[in-house]
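Colleague: I have the sequence and the structure open next to each other. Could you walk me through a few features, starting with the charged pairs?

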Amino acid sequence: MMRFSGLNLIAQAFSGHQSWPEQWPDKAPKAAYDVIIVGAGGHGLGAAYYLAAKYGVTNVAVIEKGWLGGGNTGRNTTIIRSNYLYDESAHLYDHAVKLWDGLSQELNYNVMYSKRGVLMLAHNVHDIQSFKRHIHANRLNGVDNEWLSPEECQAYCPPLDISPNARHPVLGGALQRRGGTARHDSVAWGYARKATALGVDIIQNCAVTGIRRGADGAVLGVETERGFIGAKKIGVSAAGNTSVVMNMAGLEFPLESYPLQALVSEPVKPIFPCVVMSNTVHAYISQSDKGELVIGAGTDQYTSYSQRGALHIIEHTLAAICEIFPIFTRMRMLRTWGGIVDVTPDRSPILGKTPVPGLYVNCGWGTGGFKATPGAADLLAHTIAHDAPHAINAPFNLDRFRNGRLIDEAAAAAVAH
Amino acid sequence: MLLIRCPYCEEDRPEVEFVYGGEAHIARPLDPAALSDQDWEHYLYIRRNPRGRHHERWRHTHGCGRFFNAVRDTVSDRFEQTYKAGEARR
């Protein structure tokens, strides 16, 4: 792996930037690996990287049915935050935010993590009470979050309309200053490049078609479009397709896959300095470094694997955006797209072991998996390497749907998040 | 947006008239006290979530207001058929 640096950039300029080496060669699969990760998104590639870099397992393959980072990693709105209500969630998401902090240096790849702050708007008395409760709970868990008056909200985010006559009056907001955005593709590319340098094989355009198990029930490897690949341990990080992969091992999961849409505007000069979310009217918005406004919509109501959603969902979101930010009413939207998100009944992820020996899972991130990428990847790698979950992801087990110890962030946020 | 045929109104109507009701043919336990934790988990939380043919419930909320069942392909989102509540699984 060639290290990226200012000196290398100058050196490469002499050859007209024609001799940069390939960042991650596409490998043909070997007969067997110690660990196979199914799904080359940020979570899966990250797990392979942490297995190699942190837990000393380098004989690893990442198998992907499409192309690297082409699923939800390339389709989200890149928001990072950790202001979750429950202790278990706060620890989980803050583990990720702490890893985001040094990620660019660690990977020698600019993931463009920008702590521009995530501001959640309160529009009614219930919001105020709920957000203040979140703020206190967060601070007890060492997660930064603070209350802003409407004037402070507008000072932090000037395009905000705080007039009392607004359709959705702003009564205040909760601000997490460490929250922000990152460049989604860079995360997948950075992990892929560094993992490859440590000996990981990335095998793209190779769908997993089955999971082979031995007489004792333990996994033996995966059947793929390019033949059987052996492995004693398999980590599944397949987002919306997790139910499909789990069925191959004879497991049924508490998951439903829904389309989730997002859209971007035409690029404009810097106008929007932070991330603003409004749970009540369901709108969230930020501006990418390229200048596009990045807007997230809600999920469609029905389950689907189609990677697209209905226009009335987009319409609803844009109506909310225009009510809160009248300044954007004449902006033109450039592109919309959809991803398939796997949603659990309590809106918290499932990260740990499965009833099948040697089969591990990282799924159920629903509409908010991007922010957790480094944390989820690290914890999946830890769980695979030790055959036991880390204390942070132990509560996010599959058994909670049987014993009732749910982590009900859906009720806490009163909205999919 | 989906076009959905209500088997009661016998008309193709836009999706905004309907509310999705989740997976169909999940039978409510007849003797709840006899259920094990595993049975409860299966009834409350486990879903088939198939890639392909899916049996699901819809309600024609802004129409006749009635629940019915549908078979839809979850990859193409195309409806195969809709049928009245209480009819056998197709």
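Modeller: This is a predicted model, and in it Arg212(A) and Glu223(A) form a salt bridge through their side chains, at 2.8 Å from N to O. Arg212(A) belongs to strand E9 (residues 208-213) of chain A and Glu223(A) to strand E10 (residues 219-224) of chain A, eleven residues apart.

Colleague: How exposed are Arg212(A) and Glu223(A)?

Modeller: Arg212(A) has a relative accessibility of 37% and so counts as partly exposed, and Glu223(A), with a relative accessible area of 26%, is partly exposed too.

Colleague: How many salt bridges does the structure hold over all chains?

Modeller: There are 23 over all chains. One of them pairs Asp289(A) with Arg116(A), whose closest N and O atoms are 3.0 Å apart. Asp289(A) sits in the loop between E14 and E15 of chain A, while Arg116(A) sits in the loop between helix H3 (87-107) and E4 of chain A, so this salt bridge ties together parts that are 173 residues apart in sequence.

Colleague: And those two, buried or exposed?

Modeller: Asp289(A) counts as exposed, at 54% relative accessibility, whereas Arg116(A) is buried, its relative accessible area being 13%.

Colleague: What does Arg335(A) pair with?

Modeller: Arg335(A) meets Glu292(A) in a salt bridge of 3.4 Å, N to O. The two are 43 residues apart, with Arg335(A) in strand E16 of chain A and Glu292(A) in the loop between E14 and E15 of chain A. Arg335(A) is partly exposed at 42% relative accessibility, but Glu292(A) is buried, with a relative accessible area of 8%. Elsewhere, salt bridges with shared partners connect Asp94(A), Lys98(A), Asp144(A) and Arg178(A) in one network.

Colleague: Switching to the sheet in chain A, in what order do the eight strands come?

Modeller: The order is E5-E6-E4-E13-E14-E15-E12-E16 (chain A), in an open sheet with mixed pairing. Strand E5 (146-148) and strand E16 (333-343) of chain A are at the edges with a single partner strand each, so one side of each has no neighbour in the sheet. From one strand to the next, the twist averages 25 degrees.

Colleague: How many bridges join E12 to E16(A), and what packs on the sheet?

Modeller: Strand E12 (residues 256-265) of chain A runs antiparallel to E16(A), and ten bridges join them; in this pairing Leu263(A) stands opposite Thr336(A) in E16(A). Helix H8 (residues 311-324) of chain A packs on the sheet, where it touches strand E4 (118-122), E12, strand E13 (275-278), strand E14 (283-287), strand E15 (293-299) and E16 of chain A, and the direction of H8 makes about 130 degrees with that of E15(A).

Colleague: What about H4(A), which of its residues are buried?

Modeller: Asp127(A), Ser130(A), Phe131(A), His134(A), Ile135(A), Ala137(A) and Asn138(A) are the buried residues of H4(A). Helix H4 (residues 125-140) of chain A has 16 residues and spans 23 Å from its first C-alpha to its last, close to the 22 Å expected at 1.5 Å a residue. Gly142(A), just after H4(A), takes a positive phi of about 75 degrees.

Colleague: Now the interface, how much area is buried between chain A and chain B?

Modeller: About 2,200 Å² is buried between chain A and chain B, and carbon and sulfur atoms give 47% of that area. Gln301(A), Tyr305(A) and Arg402(A) supply 29% of what chain A buries against chain B, more than any other three residues. The contact involves 26 residues from chain A and 26 residues from chain B.

Colleague: How many salt bridges go across the interface of chain A and chain B?

Modeller: The rule finds one salt bridge across that interface. Glu41(B) forms a salt bridge with Arg402(A), with 2.8 Å between the closest N and O atoms.

Colleague: Last topic, which are the edge strands of the sheet in chain B?

Modeller: That open sheet has four strands in the order E3-E4-E5-E6 (chain B), with antiparallel pairing, and its edge strands are E3 and strand E6 (79-84) of chain B, each of which pairs on one side only. Strand E5 (residues 67-73) of chain B and E6(B) pair in the antiparallel sense over five bridges, and Ala70(B) stands opposite Thr82(B) in E6(B).

Definitions and conventions. Residues numbered from 1 in each chain as written. Chains lettered and ligands numbered in written order. Predicted model: local features only at pLDDT ≥ 70, side-chain atom pairs only at ≥ 80, totals over all residues. Heavy atoms only, no water. Pairing = 2+ DSSP bridges. Axes fitted to C-alpha atoms, helices over the stretch in contact; angles between N-to-C directions. Contact = heavy atoms within 4.5 Å. Salt bridge = Lys/Arg side-chain N within 4 Å of Asp/Glu carboxyl O. Buried < 20%, exposed > 50% of the residue type's maximum accessible area, 1.4 Å probe, protein only. Expected span 1.5 Å × (residues − 1). Buried area = accessible area lost by both parts, 1.4 Å probe.
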